[in-house]
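Dear colleague,

I am passing on the structure below, and my notes on it follow. Please read them with the coordinates open.

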Amino acid sequence: MGYSITVKVELVGMPHTWVTLTNSEGVSTSFGYAPFTEWSLYGPGYVDTGESAGHEDQLLPGRSYVSLPIEVSAEQYDAMYNYALDTWAHPGTYFGVGNNCTQFVRNVLASGNVNYPADFGPHPAMLIPSEISLTLHPG
């Protein structure tokens, strides 16, 4: 088994973007960035880990997300994992139309020099490339 990063995007309700990093032993850790105060558009941010990073444990019936797994090298994995941990330790300021969950995912990918086949923007929907096949996880 190799290393991978999976980009996940929820589009129903309050859109959210997060990543799951999986090491060569199959151990996965999810990272998501959000405002410390729920629903706040500006203020202290934080990095959530585990299932709650993507709120997969909180998806309501009918809420679904799409995912795109990307194989990466050990070096890329380490760089992205370390970036996520560094952001966890120093989360900075969340800004809903700037330094948000989508920007965090963008930064994680960039830290590992991962080319993601989509145009990036401030909204999670902009992470969904139209020309490739994604996995839909229905709610």
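Leaving aside its neighbours within four places in sequence, which residues is Thr87 in contact with? The model is a predicted one, and in it Thr87 has contacts with Tyr33, Val47 and Phe104 once those sequence neighbours are set aside. Thr87 belongs to helix α1, which covers residues 74–89, and because its relative accessible area is 9%, under the 20% cut-off, Thr87 counts as buried.

Thr87 also takes part in the packing of two helices. Helix α1 and helix α2 (residues 101–111) pack with their axes 7 Å apart and at an angle of about 140 degrees, and the two are therefore oblique to each other. The crossing in which α1 passes α2 is right-handed. On the α1 side the contact is made by Ala79, Met80, Tyr83, Ala84 and Thr87, and on the α2 side by Phe104, Asn107, Val108, Leu109 and Ser111. Sorted by class, this contact of α1 with α2 has seven nonpolar and three polar residues, with no charged ones.

Met80 and Leu109 appear again in the largest nonpolar core, which has 22 residues and in which Ile5, Met80 and Leu109 are those with the most contacts inside it. At least two residues of this core come from each of β1 (3–10), β2 (16–22), β3 (28–35), β5 (65–72), α1 and α2. Not counting residues up to four places away in sequence, Ile5 touches a set of residues that includes Val19, Leu21, Leu68, Ile70 and Val72, as well as Met80, Val108 and Leu109.

Best regards

Note on methods:
Residues numbered from 1 in each chain as written. Predicted model: local features only at pLDDT ≥ 70, side-chain atom pairs only at ≥ 80, totals over all residues. Heavy atoms only, no water. Helix = DSSP H or I, 4+ residues; strand = E, 2+ residues; numbered from the N terminus. Buried < 20%, exposed > 50% of the residue type's maximum accessible area, 1.4 Å probe, protein only. Contact = heavy atoms within 4.5 Å. Axes fitted to C-alpha atoms, helices over the stretch in contact; angles between N-to-C directions. Parallel < 35°, antiparallel > 145°, perpendicular 65-115°, else oblique. Left-handed = near helix turned anticlockwise from the far one by under 90°. Nonpolar A, V, L, I, M, F, W, Y, C, P; charged D, E, K, R; others polar. Core = buried A, V, L, I, M, F, W, Y, C linked by side-chain atoms within 4.5 Å.
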